[in-house]
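Open your viewer and get ready to pick out a few residues and helices. Each stop says what to select and what you will find there.

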Amino acid sequence: MPKVLTSNFFWLFYTACLVSFAFTLFFGWGLMVGTLFLIFWVFRCTGMEAKLSDRERRLYWLALLFYPPIETSVQWLGRQGMIPNDFNWVNRLEHGCWAAVLSILFLPIISDVWKRLTRWQSLLFVVGFVCLLGNLNEFFEFSTRVQPPIDEARFARFYSDTIYDMMMNLIGSVVGFGIYFAFASKDPKLPLKS
């Protein structure tokens, strides 16, 4: 593993830069990125990250290194008008990727659970866990967008966006599960049940 990735200084610098930039885009995105890295620091400071195998940790770090800046760049491009700011395929892709990455970013919590369950039980667990978090986010997002007075066109537009986003949470959670098992199955130290 690259030595720099084991350094708390690197992760502190990376966290501060990315969270600061995310807050310049809009407050909600800054909170999302800040929460993501708060969870990372909780996992790191409590030693939960250290329980991951080397392969799991590499996958976890890859997700942390690449997803937040890529998604923040997409958010920035949307704010600059380079990506249409409507509910299109880019938004669907964002939600699907978010769900896939979320299942990897919670590896310090769920990897032990995955190892004790069969693959089908693990799939149900991951899909349920990611969809629970994703759907809570969607309910919050929907309730903030649809404020009284509610007109039918606005309600219908945000309702359909919420349903599509929930569908992408489901698909993304299955993809995240697949990525983990494809990655973990190459590690002889991980006892994965069939």
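The tour goes through helix pairs, then single residues, then the cysteines.

Before you start, note that this is a predicted model, in which local features need pLDDT of at least 70, side-chain atom pairs count only at pLDDT 80 or more, and totals for chains, interfaces and linings use all residues. Residues are numbered from 1 along each chain as its sequence is written, and side-chain values use heavy atoms, with hydrogens and water left out.

**Stop 1: α2 and α3**

Select residues 27-45, helix α2, together with α3. Helices here are DSSP runs (H or I, at least four residues), numbered from the N terminus. The two axes come within 11 Å and cross at roughly 170°; axes are lines fitted to C-alpha atoms over the stretch in contact, and angles run from 0 to 180 degrees between N-to-C directions. α2 and α3 are therefore roughly antiparallel (over 145 degrees). Now show the side chains in contact (heavy atoms within 4.5 Å). From α2 come W29, V33, L36, F37, F40, F43 and R44, and from α3 come Y60, W61, L64, P68, E71, T72 and Q75. The residues of this contact divide into ten nonpolar, two polar and two charged. In that count Ala, Val, Leu, Ile, Met, Phe, Trp, Tyr, Cys and Pro are nonpolar, Asp, Glu, Lys and Arg are charged, and the others, Gly among them, are polar.

**Stop 2: α3 and α4**

Keep α3 (residues 54-79) and add α4 (residues 89-105). Their axes come within 10 Å and cross at roughly 155°, so α3 and α4 are roughly antiparallel to each other. On the α3 side, pick L59, Y60, A63, L64, Y67, E71, V74 and Q75; they meet V90, E94, C97, W98, V101, I104 and L105 in α4. This contact divides into twelve nonpolar residues, one polar and two charged.

**Stop 3: α4 and α5**

Next, add α5, residues 107-116. What angle do α4 and α5 make as they pack? The angle is about 75°, with the axes 6 Å apart, which makes α4 roughly perpendicular to α5 (65 to 115 degrees). S103, I104 and L105 in α4 meet L107, P108, I110 and W114 in α5. Six of the contact residues are nonpolar, one is polar and none is charged.

**Stop 4: G96 and S160**

Select G96 in α4. Is G96 buried or exposed? G96 is buried, with a relative accessible area of 11%; buried means under 20%, exposed over 50%, and partly exposed in between (1.4 Å probe, protein chains only). Leaving aside residues up to four places away in sequence, G96 touches M168 and G172. Measure to L136 as well: 40 residues along the chain from G96, with 15 Å between the C-alpha atoms.

Then go to S160 in helix α7 (residues 152-184). S160 is partly exposed, at 32% relative accessibility. S160 and N91 are 69 residues apart in sequence, and their C-alpha atoms are 13 Å apart.

**Stop 5: the cysteines**

Finally, select C17 and C45. A disulfide is a pair of cysteine sulfur atoms within 2.5 Å, and by this rule the count is zero. Why is C17 not bonded to C45? The closest cysteine sulfur to that of C17 is in C45, and at 18 Å it is too far for a bond. C97 is in no disulfide either, the nearest cysteine sulfur being that of C131, 15 Å away. C17 is partly exposed at 38% relative accessibility, and C97 is also partly exposed, at 34%.

How values were computed. Helix = DSSP H or I, 4+ residues; strand = E, 2+ residues; numbered from the N terminus. Parallel < 35°, antiparallel > 145°, perpendicular 65-115°, else oblique.
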